[in-house]
Amino acid sequence: MEQRFTFDQVANVYKTSRPDYPEALIDDIVSYAELKPNDTVLEVGCGTGQATKSFATRDLQILALDPGSEMVRTARETLANFTNVELVEATFEAWPASKAVFPLIIAAQSWHWVSPEVRFAKAAEVLSPNGSLAVFGHVPVGLPTSLVEQFKGIFLRHTGAWGTPPEAGYLPNGPFKGWFDESKLFGPVEHRCYSWMRQHTTSSYINFLRTRSDVRMLTPALYEELLVEIAKAIDGQGGEFEVDYETHLYIARRVDHVS
């Protein structure tokens, strides 16, 4: 199974454990794209609707795609009060674009799952002239030092590996700006960073780990052993701790010569 489809198995946990996106980020994207009320936004990989609902509150029409049936079902629950959101169960690659034209495409924590051969070419195809593509994601950047050392030992014992979290790709030294540039389909990329903090408990952090792709891919035995030890480590520190986060945004306009 492709890693992106493992999230569908934990859709309800994903809904409650994944954080929302900073309001300032949403406002900056809407402003950059010069959106007007009732403009239609295409979302690639909506998950359970965390980013979707923030855009839906801004008088925009949202067409949101996700390949997971459980993700789409859970997103319907999240967005039940919105009449301006259409949810479609499909990958961006398989979605029949027809002649749809959007002033904005958004991808929250999902763009890296789209096929490299498709993502920028198809985005440029369905964007209006000078339409914008906004790619963004959260990165945990600060854990308590004592927990970092314990987590490192636990991961090394159970998986043989310890390194940067999967989300670290959204940092400025990650691949996203380069991907935009290499496509030659978009103008200069603007990068913006939004810093914030989240208070975790043992259960909230374990649920968050249950939704991380690298943890999801472990064998069932390793998966459970890892989570049990991480929970014990957090409980040993009082059962709660703060994590510093950054949300990184990469946004650019489609270049005019794209047909």
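Helix 6 is a good place to start: with four residues, helix 6 gives the most to the lining of the second largest pocket. Keep in mind as you look around that this is a predicted model.

**The second largest pocket**

This pocket has a volume of about 390 Å³. Its lining is made up of 22 residues, and the ones closest to the centre are Trp162, Gly163, Thr164, Pro165 and Arg212. Helix 6, which covers 145-159, isn't alone in supplying at least two lining residues: strand 5 (127-142), helix 8 (202-210), helix 9 (213-216) and strand 7 (240-253) each do that too. As for chemistry, the lining splits into 16 nonpolar residues, four polar and two charged.

**The largest cavity**

There's also an enclosed space to find, and the count of cavities of 30 Å³ or more comes to one. The largest cavity holds about 50 Å³ of space. Around it sit Arg18, Pro19, Gln109, His138, Pro140, Glu167, Phe208 and Tyr245. That lining divides into four nonpolar, two polar and two charged residues.

Here are the two spaces together:

| Space | Volume | Nonpolar lining residues | Polar lining residues | Charged lining residues |
|---|---|---|---|---|
| Second largest pocket | about 390 Å³ | 16 | four | two |
| Largest cavity | about 50 Å³ | four | two | two |

**The nonpolar cores**

In soluble globular proteins, nonpolar side chains tend to be buried together. Here, the largest nonpolar core has 29 residues, and the members touching the most others are Ile29, Phe55, Leu104 and Phe136. Quite a few elements chip in two or more residues, including helix 3 (50-56), strand 2 (61-66), helix 4 (69-78), strand 3 (85-89) and strand 4 (102-108). Strand 5 and strand 7 are on that list as well, and both also supply residues to the lining of the second largest pocket. The largest share of the core, five residues, comes from helix 2, which runs over 23-32.

Separate from this core is another one, with 28 residues, among them Leu42, Ile105, Leu127 and Phe180.

Back in the largest core, what does Ile29 touch once its neighbours within four places in sequence are left aside? Ile29 is in contact with Phe55, Leu104, Ile106, Ala134, Phe136, Leu249 and Ile251.

**Cysteines**

How many disulfides does a search of the whole structure find? It finds zero. Two cysteines are still worth a look. Cys46 is buried, because its relative accessible area is 4%, under the 20% cut-off. Cys193, with a relative accessible area of 35%, is partly exposed.

Conventions: Residues are numbered from 1 along each chain as its sequence is written. This is a predicted model: local features need pLDDT of at least 70, side-chain atom pairs count only at pLDDT 80 or more; totals for chains, interfaces and linings use all residues. Side-chain values use heavy atoms; hydrogens and water are left out. On a 1 Å grid over the protein atoms alone, a cavity is a set of points where a 1.4 Å probe fits but cannot get out, and a pocket is an open set with protein on both sides within 12 Å along at least five of seven lines; lining residues have an atom within 4 Å of a point. Grid points are joined across faces, edges and corners, and a volume is the space filled by probe spheres set on the points. Ala, Val, Leu, Ile, Met, Phe, Trp, Tyr, Cys and Pro count as nonpolar, Asp, Glu, Lys and Arg as charged, and the others, Gly among them, as polar. A nonpolar core is a set of buried Ala, Val, Leu, Ile, Met, Phe, Trp, Tyr and Cys residues joined through side-chain atoms within 4.5 Å. Buried means under 20% relative accessible area, exposed over 50%, partly exposed in between (1.4 Å probe, protein chains only). Contact means heavy atoms within 4.5 Å. A disulfide is a pair of cysteine sulfur atoms within 2.5 Å.
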